[in-house]
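Work through the exercises below with the model open beside you. Each task is followed by a stepwise solution.

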Amino acid sequence: MGVRVLTGAAVRTGSAVGAAALVLAGLSWTAHAAPAGETAPRPVPAYRAAQDAKQIEGTPSTADAPRLEPGGVYADEIAPGERVYRLVLEKDRSNVYVSAVVRPPAGAEVSYTDGIEVEVMTTAGRPCPGGTGRTSLGSDPVPVSAVGVRWGAEDADCAPAGVYYVKVTRIAAKGADQRPWPLELMVQREPGRAAGGPTTAPGSLPSGAPALPGSEAVGRTGGTGFNDARALGAGVWRDELRPGQTLYYRVPLDWGRRLGIGAELAAAKMTRPYGSASDGLSVSLYNPYRGLVADDDAPYDGKQAAVTLKETPPVAYENRFASDRDVRAVGIAGWYYIAVTMGGKAAEFTEDAVPVPLTLRTEIGGAPAKAPAYTEGLAAGGFGVGAQDLAAAEEGLTAPEAAAAIGEHALMRVVAGAGFGTGALLLVVLGGWILLARRGRGATAG
């Protein structure tokens, strides 16, 4: 076959066709429930790993530990024990967050004594003060995240430039699952604060149960993890859950704003008259660097369950100096993540193949506040809230869908510049964008 040489216009047209096909292909969705006639339910969707994650292999000690770069996402696996990685940091007053998301396989035996710990330490093996994060698992094998931090602005001991190490430890009870579990690492850099910024904890903060909305629910299909979490604004949202499944959502929370969350699990199709799962409904809130802010759970008897998290404090830089974890973790603007889990034990008395209606209520309160002064922009580190983030929340887009939408806008400008002959193609691309937006919105539930 001969080689075909394309003109510049043909290349642009071909690129737009390919992009349109990718967007339209991404609109397909498979229902969670088993098709008619199928005896066994399909497994719940697995956690969607970051598409750009670099495969890496941590070492059992600091010797030859692989290097992590700020802005990088990495894939590894971890058995009970330690994995060590290397960071090379500047003395620029920046804070560096290393999150580790561990994903137990379906059916793995877990308990509250199992968990994950992330520690940032010096070459002498001394932990950076306030830089260790730990999260425990529960009774279900669902993803959990922990974060280690190098506080370059607030911690003089770990502010110098040079080599640091990140130690990720998987904590497992005796007799626990010994198999290696998938591990996702993300390194985010918050720029240094300009001179004159806040250095002390805030005074009294509003607290208590939020005033959640009671409007009609709008359908939004949650994601499988942090990477494909469905964007939400303030409102009432309808989805569905199966036993052992976790759904993820994300909300843009700017400086000065606070977030209220409530989740309700409706009646299931029962397989026996009575049943109870002690942690049948669980809700967790994570901050922009995947650190746990708050969590709570409630029992579920197959009829009704509800969890309401305490309203967060307004997002403020000075929150990070507070002694309370749920205040300290709300110290930067950006995407906050909501994870909702239906306990696997509910499968003992409900029909596993039939999803249970979930209602999620979100309220965004507080007054917008001025961002603190930084030496660089926040967006490069995955922080802050911009116009595109607010648009993604309005349309209900996941991060991959939002990126595709931005790409489509750019391609439409290129195609438009190619001339009138590509008008029909432009309509196809535009149609893909409209369908993508509708998919994020979902249908209004009565």
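**Exercise 1. Find which residue of β20 is the bridge partner of Gly235, then place the strands in their sheet.**

Solution. This is a predicted model.
- Step 1. Start at Gly235: the bridge partner in β20 is Thr362.
- Step 2. Extend to the strands. β13 and β20 are antiparallel and share 7 bridges.
- Step 3. Move to the other side of β13. There β11 runs parallel to β13, joined by 2 bridges. Val218 faces Trp237 of β13 in this pairing.
- Step 4. Return to β20 and look at β15. These two strands pair antiparallel over 8 bridges. Gly260 has Glu363 in β20 as bridge partner.
- Step 5. Assemble the order. The sheet is open and has 5 strands, β11-β13-β20-β15-β18, with mixed pairing. β11 (218-219) and β18 are the edges; each has a single partner strand, so one side of each lacks a neighbour in the sheet.
- Step 6. Check the cover on β13. This strand spans residues 235-241, and 5 of its 7 residues are buried.

**Exercise 2. Determine the strand order of the open sheet that contains β14 and β19, and find the helix that packs on it.**

Solution.
- Step 1. Read off the order: β12-β14-β19-β16-β17, 5 strands in an open sheet of mixed pairing.
- Step 2. Identify the edges. They are β12 (230-231) and β17 (292-300), each pairing on one side only.
- Step 3. Inspect one pair. β14 (residues 246-253) and β19 (residues 334-342) run antiparallel, with 8 bridges between them. Leu253 sits opposite Gly334 of β19.
- Step 4. Add the helix. α3 (residues 387-395) packs on this sheet and touches β12, β14 and β19. The directions of α3 and β14 make an angle of about 135°.

**Exercise 3. Which two residues touch the most other members of the largest nonpolar core?**

Solution.
- Step 1. The core has 49 residues; Leu265 and Val340 touch the most other members.
- Step 2. List the contacts of Leu265, setting aside neighbours within four places in sequence. They include Leu241, Leu281, Tyr300, Met342, Val356 and Leu358. Lys303 and Gln304 are also among the contacts of Leu265.
- Step 3. Look for a separate core. Another one, of 28 residues, lies apart from the largest; Leu68, Val98, Ala108 and Val118 are among its members.

**Exercise 4. Locate the disulfide and state its handedness.**

Solution.
- Step 1. Count: there is 1 disulfide.
- Step 2. Name the pair. Cys128 and Cys158 are bonded, with sulfur atoms 2.2 Å apart.
- Step 3. Read the torsion. It is -100° about the S-S bond, a left-handed link.
- Step 4. Place the ends. Cys128 is in strand β7 (residues 127-136), while Cys158 is in the loop between β8 (144-151) and β9 (162-171), so the link ties together parts 30 residues apart in sequence.
- Step 5. Check burial. Cys128 and Cys158 are buried.

**Exercise 5. Take three salt bridges, between Glu190 and Arg320, Arg361 and Glu264, and Glu348 and Lys345. Are their residues buried or partly exposed?**

Solution. The model has 15 salt bridges.
- Step 1. Begin with Glu190 and Arg320, which meet at 3.0 Å, N to O. Glu190 is in β10 (residues 181-190), and Arg320 is in the loop between β18 (305-309) and α2 (325-328), 130 residues apart. Both residues are buried.
- Step 2. Turn to Arg361 and Glu264, at 2.6 Å, N to O. Arg361 belongs to β20 (residues 356-365) and Glu264 to β15 (residues 258-265), 97 residues apart. Apply the 20% cut-off for burial. Arg361 has 18% relative accessibility, so this residue counts as buried. Glu264 has 24%, so this one counts as partly exposed.
- Step 3. Finish with Glu348 and Lys345, whose closest N and O atoms are 3.1 Å apart. Glu348 is partly exposed at 45% relative accessibility. Lys345 is partly exposed too, at 40%.
- Step 4. Look beyond these pairs. Salt bridges also link Glu82, Glu119 and Lys167 in a network.

How values were computed: Residues numbered from 1 in each chain as written. Predicted model: local features only at pLDDT ≥ 70, side-chain atom pairs only at ≥ 80, totals over all residues. Heavy atoms only, no water. Disulfide = S-S within 2.5 Å. Helix = DSSP H or I, 4+ residues; strand = E, 2+ residues; numbered from the N terminus. Buried < 20%, exposed > 50% of the residue type's maximum accessible area, 1.4 Å probe, protein only. Pairing = 2+ DSSP bridges. Contact = heavy atoms within 4.5 Å. Axes fitted to C-alpha atoms, helices over the stretch in contact; angles between N-to-C directions. Core = buried A, V, L, I, M, F, W, Y, C linked by side-chain atoms within 4.5 Å. Salt bridge = Lys/Arg side-chain N within 4 Å of Asp/Glu carboxyl O.
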